[in-house]
Structure formats: structure tokens, C-alpha cells
Amino acid sequence: MMKVCFIAYVSGIVQGVGFRYFTQQQARALGVSGYAYNMDDGRVEVLVSGDKQQVEKLLEWLKSGPRTAKVERVLIEPRAYKEWVGFEIQ
């Protein structure tokens, strides 16, 4: 299996609505690692690393997020693969 790493910047109503918590649940269910972080500008930064197919599933989920959020835009950038342990909320 091919291992990949991406960083996503999620814009919209994504802070104060449990976005990081639900992202963590999805990531753990998919078996990918990384983190979700509230940025000062109101976006959520999500770094995700793992098997390509599972990472792509999480990136697709980010485009809608949980029911409590209103995702307006997701900017996705590839990163050099790095092994992460677990999926954390920062």
C-alpha cells in the first residue's frame, strides 16, 4: 500500500462546532494519523498521514464535515510522508 501525507485547510463555520473532535473520530475509524488544529484565522488545519485510500476518504469527508459545521472551502496540499502516531487534537 502506498503511504501519503496531506495537509488540509478547512474554511467556513468550522470552529466551536466540534469539527476537530469529529475529524479525530473519522481519522481513527479509518486508521490514519495526524492532527487537527484551530488556526487563529478561523480555519481548521488537518494533517493526515497513512494509506493512500484511507487518507483520500478522510480528505473527502472534510469537504462536508459534521452536521454542526458549514464547510465552505478545503485547500489540500501534499506533504512529504512522515509516520505519525495516532490522531490528535491540538
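Begin by selecting the strands of this predicted model: five of them form an open sheet in the order β4-β1-β3-β2-β5, and their pairing is mixed. At the edges are β4 and β5, each of which pairs on one side only. Neighbouring strands in the sheet are turned against each other by 15° on average, when direction is ignored.

Next, select β2, residues 33-38, together with β3, to which β2 is joined by six bridges in an antiparallel arrangement. Two of the partners can be picked out along this pair: serine 33 has serine 49 of β3 as its bridge partner, and alanine 36 has valine 46 of β3. The two strands form a hairpin with five residues between them, and in the turn glycine 42 takes a positive phi of about 95°.

Keep β2 on the screen and add β5, which runs parallel to β2 and is joined to β2 by three bridges. Here glycine 34 stands opposite phenylalanine 87 of β5. From this point, step back to glycine 86, which is placed in the loop between β4 and β5. Is glycine 86 buried, partly exposed or exposed? Its relative accessibility is 36%, and therefore glycine 86 counts as partly exposed. Leaving aside neighbours within four places in sequence, glycine 86 is in contact with Ser33 and Gly34. If you also select glycine 16, which is 70 residues away along the chain, the C-alpha atoms of the two glycines are found to be separated by 23 Å.

Now turn to helix α1, residues 19-30, whose twelve residues reach 16 Å from the first C-alpha to the last, close to the 16 Å expected at 1.5 Å a residue. Colour Phe19, Thr23, Gln24, Ala27 and Leu30, which are the buried residues of α1. Why do these residues lie on the same side of α1? They cover an arc of only 135° around the axis, and so they share one side of the helix. The general background is that an α-helix has 3.6 residues a turn, so residues three or four places apart point the same way. On the face turned away from the buried side of α1 you will find the exposed residues Arg28 and Ala29.

To see what covers the buried residues of α1, show the elements around them, which include β1 (3-13), β3 (44-51), α2 (52-62), β4 (70-79) and β5 (87-89). The helix α1 lies across β1, β2, β3, β4 and β5, and runs at about 175° to β5. The other helix to display is α2, which packs on the sheet and touches β1, β3, β4 and β5, with a direction that makes about 155° with that of β3. Just after α1, glycine 31 has a positive phi of about 75°.

Finally, look at the nonpolar interior. The largest nonpolar core has 21 residues, of which Phe19, Val32, Val46, Leu58 and Leu62 touch the most other members. Two or more residues of this core are given by each of β1, α1, β3 and α2, and the largest share, five residues, comes from α2. Select valine 32 and show its surroundings: not counting residues up to four places away in sequence, valine 32 touches Ala27, Val48, Ser49, Gln54, Val55, Leu58 and Phe87. Apart from the largest core lies another one, of six residues, among them Ile7, Tyr9, Tyr35 and Met39.

Technical notes
Residues are numbered from 1 along each chain as its sequence is written. This is a predicted model: local features need pLDDT of at least 70, side-chain atom pairs count only at pLDDT 80 or more; totals for chains, interfaces and linings use all residues. Side-chain values use heavy atoms; hydrogens and water are left out. Helices (H or I, at least four residues) and strands (E, at least two) are DSSP runs, numbered from the N terminus. The expected span of a helix is 1.5 Å times one less than its number of residues. Buried means under 20% relative accessible area, exposed over 50%, partly exposed in between (1.4 Å probe, protein chains only). The arc is that of the directions from the helix axis to the C-beta atoms. Contact means heavy atoms within 4.5 Å. A nonpolar core is a set of buried Ala, Val, Leu, Ile, Met, Phe, Trp, Tyr and Cys residues joined through side-chain atoms within 4.5 Å. Two strands pair if DSSP finds at least two bridges between them. Axes are lines fitted to C-alpha atoms, for helices over the stretch in contact, and angles run from 0 to 180 degrees between N-to-C directions.
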